[in-house]
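User: I would like to learn how to read helix packing, strand pairing and burial from a model. Could we go through some cases together?

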Amino acid sequence: MIAELGRFLIALALALSAAQMLFAWAGARDPGGAFARAGARAAHAALAALVVAFALLTVLFLQSDFSVAYVAANSHVDKPLFYMITGVWGGHEGSMLLWCLLLTAVGAGLAKFGPRGDPALRVRAVSVQGALQLMFLAFLALASNPFDRLDPAALEGSGLNPILQDPALAIHPPMLFLGYVGLSGVYSLAMAGLIEGRKGQPLGAAMRPWALGAWTALTAGIALGSWWAYYELGWGGWWFWDPVENASFMPWLMATALIHSAIASDRMGAFPGWTTLLALLAFTLSALGAFLVRSGVLTSVHAFALDPERGLWLLAILIVIAGAGLALFALRAHRLGAGQGFSPTSREAFIGANNLLLAAAAGVVFTGTLYPLFVDALGGRPVSVGAPYFDATATPILAFALVLMPFAPFMAWAKGGLRKAATPLRAAGLILPAAIAGLTALALGAPPLAALGAAIGAWAVAGAGLDIARWSGAVGLGPKLALAGRAMAHAGVGFIALGAASDASWPYERMAILAPGESMTAHGRVLTMQRIMRADGPNYMSDLAEIAVTRDGRAQGVLRPERRYYPAADQTTREVAIRTGLAGDLYVALGEPRQRDDGAFAFEVRAAFNPLIWMLGFGAALVTLGGLAALSARGVERRRPG
Amino acid sequence: MIALGVLAAIAAFVAAFLVTWPLLGGKRRWLAPAAAVFAAGLAFAVYAIGARPDLPGLPYDRASAQRAEADPMALTRGERILRLQDMIRAGGADAQAFNLLGRELARAGRDLEAVSAFEQALHLSPDARIYSDFAQTLINLNEGRVTAEARSAFEEAARLDPSLPEPSFFLGLGAYQDGDRDEAARLWLLTLAGLAADDPFSAVIAGRAADLLSRPQADPALVAELADSPDMTPDQRIALMVEGLERRLSFAPDDLSGWLTLARVKAALGDDAAARAALGEARVRFGAEPGAQALLAAAEGALLDEEADEER
Amino acid sequence: MRKRNQRLWMIGGAGLVLIAAVALSLVALRDAVVFFYSPSEVAANPPAAGERVRVGGLVVDGSVVRVGEGGARFSVTDGAADIHIVYDGTLPDLFREGQGVVAEGAFGDDGVFGAYTVLARHDENYMPPEVAAALRATGHWREDDDDGQPYGNRR
């Protein structure tokens, strides 16, 4: 009964989304009229229906009702309560329900918080969002319904995929989805702007907060996913240029370009067409990401079920989103108006360069990610494009963007002038840290390219430092927050570059087969396997190794890597043990056991040292905080009287 | 089902009228009820695709209660396993429940989980039978090898209940796997001595022991001898093997496995009389030992059957 | 004048970046593309020793030897031919006999494939697409290859 009610609520949300689309469309001519109000109400009702449906699915998970196929495939009675709840969005159907829920939340959000000063644009955007909701809800209801039943009911559940039973991964999908779906709001606004024939400047202003919010969530989501890959997959890497990662990276690049170009559009009326196009492409690439991840057309180290029928649905939705957006843009872009002129040394020029480079990076990532698909479609020999391609293309392009980044905040709008911005003191403040970082890296034996990366990272961090030094010049809470947000985000990107460069500079990995009492040396430390014991959990069995770390005879604590076997899913995972220090992470993973010739059991132990890896997490946190600061700056500005 | 229908209808019409409410004030007020009915109808139509309103929900607690009330024998193995796991989860579990669970899991081929269940049972109450089942599961898990862990569990079982036949049989198997055929023969004779003659296991164990002990290719001494002369024809090898065996037995006739092997080789060569003679020799030397009669009878039966097969 | 000047700048810059990105992509794609070979393709027409390629197939039952000092040797098959693979690293958690895997690496002069990475999927139902296609080509793969028990324990 609970399951059937949930199923009905999905159907109801679909009908309400249809009403939202139609009523709001009819209401755009008279934004204060009955139809517009009915459209807004439909948006709120659709959100309410899906909130209840989501709650009902959670109840089914808590009850372990295995007459529901999705619960049976993703839960187990022995699962800890926390992962019972996160299992709700751990599989395909549940994550699509979450996607649709967020989509309706954006619809209701547009109706309530959409552009105040332009009600027609707001109502039109609510209608476009209704169309998006309708498509994805049809997919949810007809091809991936989480409330599908099993008759007879399954005896027990398969359990959530064990590698997904992890706190970071519990919040990673909602964050990532919030980012993707937030971009749907930007898409709807851009479509509404084209339909209503708005100029580029007001449209940029309307899209700005939505783009910023979506970008912040997307950043946090990607960072969490990368962190998870770092410690859960047990390989020590943090970014693999894997199709699933690229699927989230492409919209991020577009959204990053968008938050910058939207500023230029909002402030100076620059790039009217380009900003709108970016808004359309950012969500299109999000939908492409959903298609790539969920249809399984690409080989990926991250795994999700693949299903050709679902792939076709998502492909159809993707074609509608991309086709409608691009066709409308082609027809109406001229109405956005021409941009204001600016000098080649103005801030607009730098934002333009940033956009060009980010778009180029997205383009090369797109090419590399989809190239195997093209080859396959043309009947060629199956190929794969790996990290070397992306390292050779996207990395230098993004590095170049980082080189330009510190200048932009010092450039004036429109007129520009390099001489005024690049004072000798500032130049020294940029060049000195960069030179120090680069030369230090070289002296410590880093390869030249990685040293260059370190120099660029330090350059970017120094630029952000110079930016924040103008703190006293910013008057009022809003401008101060905006400045802090920009500086933090820019510094964060610099720290990420530094972390990546140092990770590439000194890769260190040792492997040994250790029985209790034996030891190995790794990065100047002695790791001694003290004992191996059973450490079973509620839904898994585990071998836990206690490995004592000593350095120059001084004890540095005990690491406890684990190897877990989850019987319900018949899967083994490894839980790595990490000792984080300022110099870097000592990363120890427990591999397969093997029996020696004398019958004794020994375990494969892999020890890696990842230098300065904390900079990646620190950088990502700074970028996210920067986004939040910039968002709150807008909130403060809006509330200010006058 | 009726409650579901009522709830769904209420949800649909409340939502639909709430949404269309503003239209009632306008010029085209007929549109409000029409749109409301249309939206509700669309919702029911979409719901109907793949709906199963007839299927009641089955929370795990209810499924578990149904299993607990059912007759265990009427359940499938998977259901019996779950029934036991539910009892254990509820906290009312004793060693017996863990032991039963371990056995069911072992029969279902889920050896790793079975081992875990047996460990729990032994933790609660050390018992010879459970030790024996535990050790047998360990052997299954290791594809038939009697590991050190299994061996110590069998030794513990034998200590707790010396009358239990399995430990000496599997410890014998372990000795056999290590190449110690004399120790294997001694332990297996011990197993057979402990069983009544009409025990169905007696014939099975005797047959298995006779088969293993008489395998020429598993006799370490013979294998070593043949390895020295690799380029011989099969007939020459058999001849050499028989010669070597006979020589060895003439020096050291207290070798049950040797006599059985000789009988098997002779029988395979078609020399029934010699096979019987070898078995007779073994009977003379070992007949007095308890259990040997069953073993020799099994060997004789197997060899005669083999001959009968060949004649057919 | 000013406006035209600016447009020139923009178009010139955009064109330059575009050309650079396309050139970069093409060069990198030529160098970084890794071809996939199925075992029977390797048997018929082996790639040059030392060329970086991907191979894949089902891990042959009983072929996995875990070397005492780390690493492993195993074979993959598509039913028609086998490839012997040596791997120094840690096998992925989902590596299992009878399962589909993809290995990236290069053949040595002795015809043994030295793998740099071995990929097994996180998903239980996963069959790497290249492997599935190669198996279908050799008729080794049945669509209904299922034990009929989609939920609960599979053993």
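Analyst: We will take helix pairs, then a sheet and a hairpin, then two single residues and one whole chain, bearing in mind that this is a predicted model.

User: Let us begin with two helices in one chain: at what angle do the axes of helix 1 and helix 2 of chain A cross?

Analyst: The angle is taken between N-to-C directions, from 0 to 180 degrees. Helix 1 (residues 2–27) of chain A and helix 2 (residues 34–63) of chain A cross at roughly 160 degrees, and their axes come within 7 Å. Because angles over 145 degrees count as roughly antiparallel, helix 1 of chain A is roughly antiparallel to helix 2 of chain A. The contact between helix 1 and helix 2 of chain A comprises 25 nonpolar and 6 polar residues, with no charged residues, and the crossing of these two helices is left-handed.

User: How are helix 1 of chain A and helix 1 of chain B oriented, roughly parallel or roughly antiparallel?

Analyst: The reading starts again from the angle, which is about 15 degrees for helix 1 of chain A and helix 1 (residues 2–20) of chain B, while the axes lie 11 Å apart. The two helices are therefore roughly parallel to each other, and their crossing is right-handed. On the side of chain A, the residues that meet the partner helix are A:E4, A:L5, A:F8, A:L12, A:L16 and A:F23, and in chain B they meet B:L4, B:L7, B:A8, B:A11, B:A12, B:A15, B:V19 and B:T20. By class, this contact has 12 nonpolar, 1 polar and 1 charged residues.

User: Turning to sheets, in what order do the strands of the open sheet in chain A run?

Analyst: The order is 2-11-10-9, with 4 strands in antiparallel pairing. Strand 2 (508–514) and strand 9 (577–580) of chain A each have a single partner strand and stand at the edges, so one side of each has no neighbour in the sheet. On average, neighbouring strands of this sheet are turned by 20 degrees against each other, direction ignored. Within the sheet, strand 9 of chain A pairs with strand 10 (residues 584–595) of chain A in the antiparallel sense over 4 bridges, and A:T580 has A:D585 in strand 10 of chain A as its bridge partner. Helix 8 (residues 200–232) of chain A packs on the sheet, where it touches strand 9, strand 10 and strand 11 (601–611) of chain A, and its direction makes about 45 degrees with that of strand 10 of chain A.

User: Which crossing, left-handed or right-handed, do helix 8 and helix 9 of chain A make?

Analyst: Helix 8 of chain A passes helix 9 of chain A in a left-handed crossing. The axes of helix 8 of chain A and helix 9 (residues 243–268) of chain A come within 8 Å and cross at roughly 145 degrees, and by class their contact has 14 nonpolar, 7 polar and 3 charged residues.

User: How does one read the two faces of a strand, and which residues of strand 8 of chain A lie on each side?

Analyst: In a regular strand, the side chains alternate between the two faces of the sheet. In strand 8 of chain A, A:Q571, A:T573 and A:E575 are on one side and A:T572 and A:R574 on the other, and all are buried. Strand 8 (residues 571–575) of chain A pairs with strand 7 (residues 562–566) of chain A in the antiparallel sense over 5 bridges, with A:R563 standing opposite A:R574. The two strands form a hairpin with 4 residues between them, and A:D570 in the turn has a positive phi of about 55 degrees.

User: And for single residues, are A:N74 and B:D111 buried or exposed?

Analyst: Under 20% relative accessible area, a residue counts as buried. A:N74 is buried at 10%, and B:D111 counts as buried at 12% relative accessibility. A:N74 is found in helix 3 (residues 69–74) of chain A, and, leaving out residues up to four places away in sequence, its contacts include A:F61, A:K79 and A:L160. B:D111, in helix 6 (residues 111–124) of chain B, has contacts beyond four places in sequence with B:A106, B:T137, B:N140 and B:L141.

User: Finally, how many helices and strands does chain C have?

Analyst: Chain C has 3 helices and 7 strands, in the pattern α-β-α-β-β-β-β-β-β-α along the sequence. Of its 155 residues, 44% count as buried.

Definitions and conventions
Residues numbered from 1 in each chain as written. Chains lettered and ligands numbered in written order. Predicted model: local features only at pLDDT ≥ 70, side-chain atom pairs only at ≥ 80, totals over all residues. Heavy atoms only, no water. Parallel < 35°, antiparallel > 145°, perpendicular 65-115°, else oblique. Left-handed = near helix turned anticlockwise from the far one by under 90°. Nonpolar A, V, L, I, M, F, W, Y, C, P; charged D, E, K, R; others polar. Buried < 20%, exposed > 50% of the residue type's maximum accessible area, 1.4 Å probe, protein only. Contact = heavy atoms within 4.5 Å. Pairing = 2+ DSSP bridges.
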